[in-house]
Amino acid sequence: MSSDATVTPVTGGFWEDTGKRGIASWIFSTDHKRIGLLYLYSVLGFFLVGVFLGVLIRLELMAPGPTIMTAKTYNAVFTVHGVVMIFLFIIPGIPASFGNLVMPIQIGARDVAFPRLNLLSWWLYAIGAVIVLTSLFTGGGAPDTGWTFYVPFSARTGTNVSLAVFGVFVLGFSSILTGVNFVTTIHRLRAEGMNWGRLPLFVWSLYATAWVQILATPIVAITLLMVIAERTLGVGLFDPSRGGDPVMYQHLFWIYSHPAVYIMILPAMGVISEVIPVFSRKPIFGYKMIAVSSVAIAAAGSVVWGHHMFTSGMSDTAVMVFSFLTFVVAIPSAIKVFNWVSTLYRGSISLEAPMLFALSFILLFSIGGLSGLILGAAATDIHVHDTHFVVGHFHYVMFGGTGFAFFAAAHYWLPKFYGRRYKEKPAIVAWALMFVGFNVMYFTMQVLGMKGMPRRYFDYLPEFARLNFVATVGSWILVTGLIIMLVNLWRGLLKGEPFEGNPWGGASLEWITATPPPTENFEEDPVVTHGPYDFKRAGEP
Amino acid sequence: MSHLLPRDDVGAKLGMWLFLFTELLLFGGLFILYAVYLARYPHEFSAGGHELNVVMGTTNTVVLLTSSLLAAMAVTAIKTGKPKSTVALLLGTIGCAGIFLVIKYFEWSAKFAHGIYPGSPRLVHGPPGESVFFSLYFLTTGLHGIHVVVGGALLTWIGTKVGKGSLTAENNVMLENGTLYWHLVDLVWIFIFPLYYLIL
């Protein structure tokens, strides 16, 4: 249980108490913390693959005409970038890694409700990932359809779409099982005194996310099975010459894939709701509204999928209804932003690494969210649909939002699990570089989109050259910051200064247990007597 | 480390119910397509529906309902401490699953013999709605058939556990969850049957 400053990297707690040895103590462990770390390193690995492919895209677009690859390779690269980032990094990202690590401790449980199912989820994730990776190098080569696998192209292209789609199907299964596990855990395993009004907001956000995982993922599963059936059996369900309708594919795909956006962003909002009050030394403003707005976003977000299809052929009534509903989702999102800002007001703010990432989340998410309204209004969407404006918009939300929240969570929680901490100065330098690089790259993309540069095109008109060059330079700055951050985290967590107790003064349960937490999280089951942001009462002995 | 946690039967059933929702939604995607394409091709759907064998469909419905009854009786049997009749009732359920699949096999074979299968020349060159109807029919009943196989395998595995004595009157949540899954398989068929065989 000690976290003494010997040369051994990490010791104590769940790092030691295990019957198995070596790699088997990880890949066959049912301890939620070990599974969380397994997920963390898996998703980080795929994140780096995705970043590498993203840098290649930017290099290709640095100048007009062919720069470093052929048009066909370019199609494959942006497809694989999307598939890897969406299905292998950002959907499992925060819920499966930090959710697994932290959520059971935050509710005072010894583990999740179904520990073996939890391990199965990771295995399915790993198997799905291997299938997706195999599809890149076998058959007709890497898919070139874009991550959305739109028919009719996905039904006809000679590339290895069937295998990639099957891999995504398996990944969906993994996501569903995590959702089932988390909902059951939050219902059944809360510690004594941990009522719904005392749940940390991160747990609330995971709860809403888990419901979306359960209710939305099956639809994409059946849709992907139909794409496979289309390719292997020729069922013709989406083939107009046989009476099928390709627009039905888009409906089914987005019935899942729009709610999936909330699988990506809700847990990120949960992380921000944890970090902001702790580093403002103030109870969160509007706890109830933030908790309810997570559920409201999950519910309203499930009925807005049509806004991806304003140009695909829908009735004007459908366009107006989906547009209206899209604006409705903005309300609970804005409630969160206003509550975070109100929490900051007159707080005793300490600008440490997790807080810097959290603050930049608020800004970047707001830019991304507001540009989303431009896309959600049919009149403006028609002009910027399928341009770089869209690419800029969703990177602001997904990378500026979820990505930055992921890094906030890493800086906030990982020292707790390693018992060692990173150096503060390099963390801040890395954050600053990433923040600048990010905006240089993606804000430029939004401007390019407004000027009319389409997305997914290999080549472009000479008038877009200068801004594309600027965006590519932004990607270099961003990656530099990213490398500094990861090296700093890696070195710090293995060899850094010891991290003990509760240096940031958090009031939720993960801060009262030992560092690193023991295998069953607590020496004895905790009894909760105050809320997660009641810093005053948490400070009393 | 699951042995560290106290047993929680309510939690186990909650998890199973959540999983069953996902199964309903999986079939839900196919039912959405059915609704949309029925509205678009009412005549072709009606013609296709009349080509299906109502006698075989009805027989299969009776077979599945009987299997669900036997499964429910198996749960009562284990709760009243009768492991032997539990195993016998589960065998009955699994037997019904087998009969269902055999009947389905003959039904599909007859369709294949008439040149009706996904991508067949008749469907490719026939009226557009006909192809859509039979493709949906094969996908939906095929996916359901896979679920019958999975459910049968699940109940077989659970039955051997009852036989070995590791599932008992006090510890039967796994049997209950297995039969819940089986009832879902039955329930999905209760929707497929009228939609394809009766109302068209």
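**Exercise 1. Work out what the two chains bring to their contact in this predicted model.**

Start with the head count: chain A puts in 35 residues and chain B puts in 31. Next, look at where the chain B side comes from. Helix 1 (9-40) and helix 6 (128-164) of chain B each supply at least two of its residues. Helix 1 of chain B gives the most, with 15 residues. Finally, sort that side of chain B by class: 20 nonpolar, 10 polar and one charged.

**Exercise 2. Check the span of helix 1 of chain B, then look for a kink.**

Take the 32 residues of the helix at 1.5 Å a residue, and you should get 46 Å. The end C-alpha atoms sit 47 Å apart, which agrees. Now for the kink: helix 1 of chain B has one of about 30°, centred on G29(B).

**Exercise 3. Sort out the backbone of chain A around F149(A) and P152(A).**

A handy reminder first: most residues other than glycine have a negative phi, and most peptide bonds are trans. F149(A) has a positive phi, near 50°, and is found in the loop between helix 4 and helix 5 of chain A. P152(A) lies in the loop between those two helices, and the peptide bond leading to P152(A) from V151(A) is cis, with omega near 0°.

**Exercise 4. Is F149(A) buried or exposed, and how does R456(A) count?**

Buried takes 20 or more C-beta neighbours within 10 Å. F149(A) has 23, so F149(A) counts as buried. R456(A), with a positive phi of about 65°, has 14 such neighbours and therefore counts as partly exposed.

Note on methods: Residues are numbered from 1 along each chain as its sequence is written. Chains are lettered from A and ligands numbered from 1 in the order in which they are written. This is a predicted model: local features need pLDDT of at least 70, side-chain atom pairs count only at pLDDT 80 or more; totals for chains, interfaces and linings use all residues. Two residues are in contact if their C-beta atoms, placed from the backbone, lie within 7 Å. Helices (H or I, at least four residues) and strands (E, at least two) are DSSP runs, numbered from the N terminus. Ala, Val, Leu, Ile, Met, Phe, Trp, Tyr, Cys and Pro count as nonpolar, Asp, Glu, Lys and Arg as charged, and the others, Gly among them, as polar. The expected span of a helix is 1.5 Å times one less than its number of residues. The bend at a residue is the angle between axes fitted to the seven residues ending there and the seven starting there. A residue is buried if 20 or more other C-beta atoms lie within 10 Å of its own, exposed if 12 or fewer, and partly exposed in between; C-beta atoms are placed from the backbone.
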